[in-house]
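Trainee: I keep seeing labels on structures and never know where they come from. Can we go through a few together?

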Amino acid sequence: MSNLVEGEQASKTIAQAYDDTLYRSDPFVKTHPEHLASLGVLFGFTPINPLQCRVLEIGCAMGGNIIPMAMNYPDSEFVGIDISKNQIDIATDQAANLRLKNIKLLNVSIEQIDDSFGQFDFIICHGVFSWVPPQVQQKILEVCQKQLSEFGIAYISYNVHPGWHIKNIVKDLMRLRVQKSPLENKVKEAKAIVELYAKYTAENTQFKDIFNQQLEHLNSVPDHYILHEHLADFNIPYYFYDFMNLAKRYQLTYLCDACFNDNFISNLPSEFQQKMLDYSDDRVMVEQYYDFATARTFRSSLLVHDKHQINPIVETQRVRLLSLLSDLKVQDKIYDLADRSSVQFISQSKVSPELTVSMPITKAAFKSLEDSWPCSLSFNELFQLSYQKLGLSIDNQTQEILEKDIQQLCDDIITAFQANSLRLFRITPPLCVNQVGDKPIASPLIAQQLRDNHEVFTTQHHESLSLDANLKHFIPLLDGTRTNSELINAVKQLLEEGKLDFSLTKKMQQPANNNEVANTVLSTLLQSLIQIGVMIN
């Protein structure tokens, strides 16, 4: 289905679409300055410290991504723009409720960004580029050229071919079906026709699998996503090679992909890798060949000024410059860190793939990261703790052995990150704690999100999470004004009112008095909040 609107009318159409149907605004950890700066370090770049930087988010929607950043980085400055007045009004209200002084939220179009905005160390453009007309895409790259500071990093996400050639088949059918449908019926009718084709398309056609796959995807995402992704007037995928040719016109070069594990053709069989390298020694061309191998549909490209020479080979020792954290947890009940037996680690959040480790220094390191979660460790701290777990003394080791163990640990950390088993690197530690004081405090942002009836909440790691009813009733108590004994009394009252579930006491051996029950419930709830990374000092 061709797009029927251009120029100024296109901007009005897009603005109206987002005013009519708000796009749920979630945090995207891949866009966070900490993540972008960490990737820059790994690829030999020298980014600005996120603790003191300027950030521009193009298409900030209701502020779900940029407001948490401003909340936790008071010495940095944040500017968010969005073409939808309704979305900016909601974002402005939330920032005001949080009393944030370091953020500006503006209802302006991308075309209105000029030199008066100043320079930014990080420019974020997530979920915008493919969904605006070509002249606006060019303006986005012009903004990156002119407004990006000397050592700045720009993040731009967009749909890509060849994968979107397949998805377009279903998207075009959906748009054909709903072109005359009222807004309130569009998603229902679009999903219905995909379901129809998935059920009745002939078994011997290639399309049947495509319709079934896309139907599964459509049933897993919210309606607002379908409206703004599959039914939008603009959805323009690019081949990576063409996107980079466009970026080069604006003196921008490729740093890496925001998904670290998407940066390596080593994920493919070795013979396949070598053929790709034989075809071209140009990094962009190799990446393009990789996209064909994986039928990629989406990219999150990091760009920097082209005066910087980027070495695509990650030197693993660069890990030593970062702060590390991991939610991996030892799966085995019985294990030995000191020998070379395999130990399995699994993600506590079930997000990351399982990781099998055999080298003693690496097993001890991941166990140390588990013990420190949700807090991070510098590499030096991690190395020292790992030696302690192995019963070794750094002072008693030769320099040769130390260097060998350091290199082993660096290599294994990068391998785990590349496999997506280790998700998070940082420049600076996250603002959360793994034990609480006498007057526990939960993230004020979470408390505000509860008051605003949000469906999705934001951790101190800038990740999304949902909360069960128990935590929703409990979190408002954690404003730093109540002692442990006062919290026990408050928990008793919530139990009496039926707002907390008695199943929280299922680990208790036998019936107990009210104080013991309340104390167990309190301890269980606090530990849950610590583990999801929302408790602060």
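Mentor: Sure, and let's begin with a definition: a salt bridge is a side-chain nitrogen of Lys or Arg within 4 Å of a carboxyl oxygen of Asp or Glu. By this rule the count comes to 18 salt bridges. Keep in mind that this is a predicted model.

Trainee: What makes R299 and E287 a salt bridge?

Mentor: Their closest N and O atoms are 2.7 Å apart. The cut-off is 4 Å, so the pair qualifies. R299 sits in strand β7 and E287 in helix α12, twelve residues apart, and the pair links distant parts of the chain. Both R299 and E287 are buried. They also belong to a network of salt bridges, together with D257, D291 and R296.

Trainee: Which residues form salt bridges with D371?

Mentor: One is K367, with the closest N and O atoms 2.8 Å apart. D371 and K367 are both in helix α13, four residues apart, about one turn of the helix. The other is K389, at 2.7 Å from N to O. K389 lies in helix α14 and D371 in helix α13, so this pair ties together parts that are 18 residues apart in sequence.

Trainee: Why does K367 count as buried?

Mentor: Buried means under 20% relative accessible area. K367 has 12%, so the label fits.

Trainee: And why is D371 called partly exposed?

Mentor: Partly exposed covers the range between buried, under 20%, and exposed, over 50%. D371 has a relative accessible area of 41%, so it falls in between. K389, at 36%, is partly exposed too.

Trainee: How do you know that K167 has no salt bridge?

Mentor: Look at the nearest side chain of opposite charge, E229: it is 5.0 Å away. A salt bridge needs atoms within 4 Å, so K167 doesn't make one. K167 is buried all the same. It lies in helix α6, and leaving aside neighbours within four places in sequence, it is in contact with Q214, H217, H230 and T297.

Trainee: What makes β3 and β6 edge strands?

Mentor: The open sheet has seven strands in the order β3-β2-β1-β4-β5-β7-β6, with mixed pairing. β3 and β6 each have a single partner strand, so one side of each is left without a neighbour in the sheet.

Trainee: How do you know that β1 and β2 pair?

Mentor: Pairing takes at least two bridges. Five bridges join β1 to β2, so they pass, and they run parallel. As one example, the bridge partner of L56 in β2 is V79.

Terms used:
Residues are numbered from 1 along each chain as its sequence is written. This is a predicted model: local features need pLDDT of at least 70, side-chain atom pairs count only at pLDDT 80 or more; totals for chains, interfaces and linings use all residues. Side-chain values use heavy atoms; hydrogens and water are left out. Helices (H or I, at least four residues) and strands (E, at least two) are DSSP runs, numbered from the N terminus. Buried means under 20% relative accessible area, exposed over 50%, partly exposed in between (1.4 Å probe, protein chains only). Lys and Arg count as positive and Asp and Glu as negative; His and the chain ends are not counted. Contact means heavy atoms within 4.5 Å.
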